[in-house]
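Thanks for sharing this one with me. Here are my notes, set out point by point, so you can follow along with the structure open.

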Amino acid sequence: MLLFCALLPFSAYAQNTRGEQYPEMYNEKPTSIVVMPSINTTNFVEAKEYFYTTLYQPLVEKGYYVFSPYLTMEMFQTESAYDSERFLDGDLSQFRHVLGADAVMFTIIKTWSRNSLSGYLTVGVEFILRSTLTGKTLYSREGTVSVNTSVQSTGGGLFGALVDLAATAISTATTDKIVAGRKCTAYVLSDFPAGRYSPEFEKDKEYKAKENHFKETVR
Amino acid sequence: MLASCSSTKPLYSWYNYERATYQYSKKNTEELQLKLLKEYERIIHHQKGSRGMVPPGMYAEYGYLLCKMGNPTEGLLFLKEEIKAYPESEQYISRIIKQLEQ
């Protein structure tokens, strides 16, 4: 038991660096990314739009040139590229030729469930970034994120608890799912290597990488 | 450990961009369109992010919206501004400009 406890801190530090976990990101150094409409395998139809539009801003903040989803959406719809499934394992060179994009970001929403009483929205999601030059996968992470949308009142006691419970139910039912989608995306991309417009560009190669498969709760 | 020492100041200021674009995409009213225009103007003219630059895509979105609102002269100028700020956008933005000029 003592030995196990002694080894535990060591194993926590024995994880890969970002450079080791995502070597192709650091080899290819993509500058521009096009975000594909999310692939939604759940019955919750709206999940697709909640993820599609919330990817742009965090990726830009990571230091990339990201093609505006509001502009590319029209092109995808007119040129039958709205079904991302067709491109997930396919040739991506046309995104390089038509847009000048270095990489394509895919998101696959695998599960979407809400618990009105606890206030948790749980989303199973996979992010895959592929190169338009080599077709290689540059980055991928998959897992489950629970977003706590519960409302905390300042009052205590039984009445306070009842108020919290009722407010949580309302909040979850009307929760701004864009915010939930953004929180989920922000968590997954927290490990995304920085792009050339970020002061962290290439410096983050030595940072400890997070796990590729995750299960996390965010507020 | 290293990651925790990294800078957390945003590269760009976005104001209420996300909400404004989402609302306008859901409901194409004149009021929401004006609200969105104001957000673009704030983002373009009042940048407080660490880069001191307009975020990728903002000149293009603003210019495109101006064109759609019947102001192609100014709209095209902003689309060209996107290429100046971000040369990697040239291929795509030139394509949009070509379509709008037809």
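1. Let's begin with the largest cavity, which is lined by A:Met25, A:Tyr26, A:Lys29, A:Pro30, A:Tyr64, A:Pro193, A:Ala194, A:Phe201 and A:Glu202. This is a predicted model, and the space inside that cavity comes to about 50 Å³. Seven of the lining residues are nonpolar and two are charged, with no polar ones. In total, two cavities reach 30 Å³ or more.

2. What does A:Lys29 pair with? A:Lys29 makes a salt bridge to A:Glu202, with 3.2 Å between the closest N and O atoms. Both residues also appear in the lining of the largest cavity. A:Lys29 sits in the loop between helix H3 (23-28) and strand E1 (32-35) of chain A, while A:Glu202 sits in the loop between H10 and strand E7 (213-218) of chain A, so the pair ties together parts that are 173 residues apart in sequence. Over all chains, the structure holds ten salt bridges.

3. The second largest cavity holds about 30 Å³ of space. Its lining draws on both chains: A:Thr53, A:Tyr56, A:Gln57 and A:Tyr70 from chain A, and B:Tyr17, B:Glu18 and B:Thr21 from chain B. Two elements, H5 of chain A and helix H1 (17-26) of chain B, give two or more residues each to this lining. H1(B) has the largest share, with three residues. By class, the lining divides into three nonpolar, three polar and one charged.

4. Please look at the second largest pocket as well, whose volume is about 520 Å³. Of its 20 lining residues, A:Tyr70, A:Glu74, B:Thr21, B:Tyr24 and B:Ser25 are the closest to the centre. A:Tyr70 and B:Thr21 are also among the residues that line the second largest cavity. At least two residues of the pocket lining come from each of H4 and H6 of chain A and H1, helix H2 (30-45) and helix H3 (58-68) of chain B. The lining has eleven nonpolar, four polar and five charged residues.

5. Now to the interface itself. How many residues does each chain bring to the contact? Chain A contributes 36 residues and chain B contributes 32 residues. About 3,000 Å² is buried between the two chains, and carbon and sulfur atoms give 55% of that area. A:Tyr65, A:Leu71 and A:Tyr197 supply 23% of what chain A buries against chain B, more than any other three residues.

6. Side chains of opposite charge can pair when their charged atoms come close. Between chain A and chain B, the count is one salt bridge. B:Lys68 forms it with A:Glu74, the closest N and O atoms being 3.4 Å apart. A:Glu74 is also one of the residues closest to the centre of the second largest pocket. Across the same interface there are 14 residue pairs in polar contact, with both residues at pLDDT 80 or more.

7. Which elements of chain A each supply at least two residues to the side that touches chain B? They are helix H4 (47-52), helix H5 (56-61), strand E3 (65-66), helix H6 (69-78), helix H8 (93-98) and helix H10 (177-189). H6(A) gives the most, with five residues. By class, this side of chain A has 16 nonpolar, eleven polar and nine charged residues.

Definitions and conventions:
Residues are numbered from 1 along each chain as its sequence is written. Chains are lettered from A and ligands numbered from 1 in the order in which they are written. This is a predicted model: local features need pLDDT of at least 70, side-chain atom pairs count only at pLDDT 80 or more; totals for chains, interfaces and linings use all residues. Side-chain values use heavy atoms; hydrogens and water are left out. Contact means heavy atoms within 4.5 Å. Buried area is the accessible area (1.4 Å probe) that two parts lose on being put together, summed over both. A salt bridge is a side-chain nitrogen of Lys or Arg within 4 Å of a carboxyl oxygen of Asp or Glu. A polar contact is a pair of N or O atoms within 3.5 Å; within protein, one must be able to donate a hydrogen and the other to accept it, and residues adjacent in sequence count only if both atoms are side-chain atoms. Helices (H or I, at least four residues) and strands (E, at least two) are DSSP runs, numbered from the N terminus. Ala, Val, Leu, Ile, Met, Phe, Trp, Tyr, Cys and Pro count as nonpolar, Asp, Glu, Lys and Arg as charged, and the others, Gly among them, as polar. On a 1 Å grid over the protein atoms alone, a cavity is a set of points where a 1.4 Å probe fits but cannot get out, and a pocket is an open set with protein on both sides within 12 Å along at least five of seven lines; lining residues have an atom within 4 Å of a point. Grid points are joined across faces, edges and corners, and a volume is the space filled by probe spheres set on the points.
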